[in-house]
Structure formats: structure tokens, C-alpha cells
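Please open the model in your viewer and keep the sequence at hand. The tour proceeds by successive selections, each followed by a description of what is found there.

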Amino acid sequence: VNNLRAKDSVSIVVYGGVTGVMLNTTSGAEKEKILKVIDELEPGGTTPGESGIKLAYSVARNHFIKDGNNRVILATDGDFNVG
């Protein structure tokens, strides 16, 4: 987070028990907001990995920057037990 620039953007999608957007696309300048959401993440419930990955790519597609550095980063316990 500390290396993010104002022109960078971040979204956070979760998939523990439910799938959803925990942080809508946010400027890298809003470091405190991003860190707060990361600190609030907690494991729990089932792991619907397929729906989480699909949602993450949908969010990425909606905010795609042509000729930009677009990435989806997956953090998981590796136990996709639903879907």
C-alpha cells in the first residue's frame, strides 16, 4: 500500500462465506482507507473461490486501463470448498 501512487487504484473483493466488494475502486492516495479495509478482513465461512475470482475479474474489467498495469492479486488459504 505504501508504494501506491495517486494515479493507482485498488479494489478489494472478498469471498469468505459470501462474495462481495469490500472496497470499491479507490485511489492509491487514500492509503489510510485501504489499510483500514485490509485490517478489517477476517477469515470465515465457506470459500466460494470461483465466484470470488469471477467477481474480481469483473471489477478489473470495469476499471481496465488501456496500456496500464492491470492486475488481479489472489490471496487465499487455497481451500476452495464451494463452487
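In which strand does Thr26 lie? Select Thr26 in this predicted model: the residue belongs to strand 2. Thr26 has a relative accessible area of 3% and is therefore buried. Display its side chain next, which reaches the backbone oxygen of Asn24 at 2.6 Å. Then show the surroundings of Thr26: apart from neighbours within four places in sequence, Thr26 is in contact with Asp8, Ser9, Val10, Lys33 and Ile34.

Move now to Thr47, in the loop between helix 1 (31-40) and helix 2. Is Thr47 buried or exposed? Its relative accessibility is 9%, so Thr47 counts as buried, the cut-off being under 20%. With neighbours within four places in sequence again set aside, the contacts of Thr47 are Tyr15, Asp77, Asp79, Phe80, Asn81 and Val82.

Next, select residues 49-62, which form helix 2. This helix of 14 residues spans 20 Å from its first C-alpha to its last, close to the 20 Å expected at 1.5 Å a residue. Within helix 2, colour the buried residues Gly49, Gly52, Ala56 and Val59. These residues lie on the same side of helix 2, because they cover an arc of only 95° around the axis. An α-helix has 3.6 residues a turn, so residues three or four places apart point the same way.

Add strand 1 (9-16) and strand 2 (18-27) to the view: the buried residues of helix 2 pack against both. Finally, rotate to the other side of helix 2, where Lys54, Arg61 and Asn62 are exposed.

Conventions: Residues numbered from 1 in each chain as written. Predicted model: local features only at pLDDT ≥ 70, side-chain atom pairs only at ≥ 80, totals over all residues. Heavy atoms only, no water. Helix = DSSP H or I, 4+ residues; strand = E, 2+ residues; numbered from the N terminus. Expected span 1.5 Å × (residues − 1). Buried < 20%, exposed > 50% of the residue type's maximum accessible area, 1.4 Å probe, protein only. Arc of directions from axis to C-beta. Contact = heavy atoms within 4.5 Å. Polar contact = N/O pair within 3.5 Å; in protein donor to acceptor, adjacent residues only side chain to side chain.
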